[in-house]
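Me: I should like to learn how the features of a protein model are read, one at a time. May we go through them with the structure in view?

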Amino acid sequence: MRTRCGLFSACGLRLRASAWVLALVACGVSGCGEEAAPKSKGERVVPVEVAPIRVGAIERKRTFSGSLDAFAQFDLAPKIAGRVATVAVDIGDTVAQGSVVVTLDDEQARKAVALAEAKLAVARAGVAGASSTLGGARRDLGRERTLHTGGISSDSQLDAAKTREGVAGAAAQVARAQVAEAEAQLAVAQLELEETQIRARWSEGDDARTVAARVVDPGDTVAANTPLLTIVELDPLVAVISVTERDYPLLSVGQTASLVTDAAPGETFAATISRIAPAFSAASRQARVELHVDNSSHHLKPGAFARITISLARADGATIVPEAALSRRKEQDGLFTVNADGTVTWRVVTVGIRDGVEVQVEGEGLTGQVVVLGQQLLDDGTRVSLPAPAHTEPAGG
């Protein structure tokens, strides 16, 4: 290919195949190819690449690395010590609310219940005897009072009758107290017997959860409050990320996000910001943010790493140009728009949302096409030449 400065190789430059020859300006070229606009003698024409200015929606997105946690998780532990008799579930099994998952040997507990029942029976018999004695003492006291009134019984005899009635009344109270004590002991023994049946219980969420860990087997002896199983709720999950001070003001509860993880390749999960920490960690200078993640498919697992993409800002009906179009001159951001006469105009713009490829801009005269390559050689009013449109062979030609 030749131009008025001769072969490109004579200019001593290696040119990009996708761009017009910017080095022609250095060779003193006053025009380049048939696409150059009419010009006066000595007028400079700069080859450029352009892109259309469009109006539409643009988002600023940020992807954070985080981890998945169970929405709810607890360790199931016995309230009493004992030997494990059976374990009804294993890792990955689903457990229903209130179901028995572990049983302890209940021989001692059953014996304790039987003993408490026997003591209660004895105490109740004691109440019956004490009540009978009290009744006899009260009748004797009544007779003594009658005799004393008639002058037949002495004062000492009346006092003795009162004493016997008082002792019998006290004995009856003791017997009733012994019954109450025996009933309490029986209730404790029955509760301990019931506690040998260890049930999965929780207060909120679904009626079914999943066993995440099992640490005991039949025959193991466990102390009270020793963890036996870890039970988790898998839907929903909580995604946890840490954000810097730069991104923190752009987040709010209720913002939506999308989540992907290597544990579920090819799938994208919906998430919503549910909590934002009100303070930054002194060590990392980052704040904890939690997201509610739908996991009805149960494809996500607690503990997995995840990548969470959040829309930090969005504008609809925005004026959008490629980010490559932006230049900075005299401490101002701007770009070059292409005029109908083949010249360009420098326009100062205010930069808005950036998505990494395109950028939102505001300013005057932002229509048509904008220069995306070659603007470093342009000034306001410079004439430019545009790439020739790609030629497409007709079908069958």
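Me: Which residue does T86 stand opposite in β8?

Reply: First, please note that this is a predicted model. In a pair of strands, one looks for the residue that faces a given position across the pairing. Here T86 stands opposite T103 in β8. The two strands concerned are β6 (residues 82-87) and β8 (residues 100-104), which run antiparallel and are joined by 3 bridges.

Me: In what order do the strands of the open sheet stand?

Reply: One follows the pairings from strand to strand. The open sheet is formed by 4 strands in the order β9-β8-β6-β11, with antiparallel pairing. Because β9 and β11 each have a single partner strand, they stand at the edges, and one side of each is left without a neighbour in the sheet.

Me: How many helices and strands does the chain have?

Reply: The inventory comes to 2 helices and 23 strands. Overall figures for the chain may be read beside it. The chain has 397 residues, of which 37% count as buried. Its accessible surface comes to about 22,500 Å², and carbon and sulfur atoms account for 51% of that area. Among contacts with a separation of 6 or more, 74% are between residues 24 or more positions apart.

Me: Is L68 buried or exposed?

Reply: The relative accessibility of a residue is compared with a cut-off; under 20% is called buried. L68 has a relative accessibility of 0%, and therefore counts as buried. It belongs to strand β5, which covers residues 54-76.

Me: Which residues is L68 in contact with, leaving aside its neighbours within four places in sequence?

Reply: For such a residue one lists the partners beyond its own stretch of chain. The contacts of L68 include L237, V238, A239 and L259, and also L300, K301, P302, G303, A304 and A306. One of these partners, L300, is 232 residues away from L68 along the chain, yet their C-alpha atoms are separated by 8.1 Å.

Me: How does one find empty space, and what is the volume of the largest pocket?

Reply: Rolling a probe the size of a water molecule over the atoms shows where empty space is left. In this model, the largest pocket has a volume of about 190 Å³. Its lining consists of L76, A77, P78, K79, E194, E195, Q197, I198, R199 and R201. Two or more of the lining residues come from each of α2 (155-195) and β9 (197-199). The largest contribution is that of β9, with 3 residues.

Me: How do the residues of that lining divide by character?

Reply: The side chains are sorted into classes and each class is counted. The lining of the largest pocket has 4 nonpolar, 1 polar and 5 charged residues.

Me: How does strand β18 pair with β17 and with β19?

Reply: One counts the bridges on each side and notes the direction of the partners. Strand β17 (residues 327-329) is joined to β18 by 3 bridges, and these two run antiparallel. Within this pairing, S327 has G334 as its bridge partner in β18. With β19 (residues 344-348), β18 pairs in the antiparallel sense over 5 bridges. There, T337 stands opposite T345 in β19. Strand β18 itself, residues 332-338, is mostly covered, with 5 of its 7 residues buried.

Me: Which residues in the two hairpins have a positive phi?

Reply: One reads the backbone angle in the residues between the strands. The hairpin of β17 and β18 has 2 residues between its strands, and K330 in the turn has a positive phi of about 55°. E331, found in the loop between β17 and β18, has a positive phi of about 60° although it is not a glycine. E331 is exposed, with a relative accessible area of 66%. The hairpin of β18 and β19 has 5 residues between the strands, and there G342 takes a positive phi near 90°.

Me: Where is N225 found, and is it buried or exposed?

Reply: Again one takes the position, the angle and the accessibility together. N225 is found in the loop between β11 (221-222) and β12. Its phi is near 70°, a positive value in a residue other than glycine. N225 counts as exposed, at 60% relative accessibility.

Me: Which form does the peptide bond from D235 to P236 take, cis or trans?

Reply: The omega angle decides the matter. The bond from D235 to P236 is cis, with omega near 5°. P236 is found in strand β12, residues 229-243.

How values were computed. Residues numbered from 1 in each chain as written. Predicted model: local features only at pLDDT ≥ 70, side-chain atom pairs only at ≥ 80, totals over all residues. Heavy atoms only, no water. Buried < 20%, exposed > 50% of the residue type's maximum accessible area, 1.4 Å probe, protein only. Contact = heavy atoms within 4.5 Å. 1 Å grid on protein atoms, 1.4 Å probe; cavity = no way out; pocket = protein on both sides within 12 Å on 5 of 7 lines; lining within 4 Å. Points joined across faces, edges and corners; volume = space filled by probe spheres on them. Nonpolar A, V, L, I, M, F, W, Y, C, P; charged D, E, K, R; others polar. Pairing = 2+ DSSP bridges. Areas by Shrake-Rupley, 256 points an atom, 1.4 Å probe, with all protein chains shown as cover.
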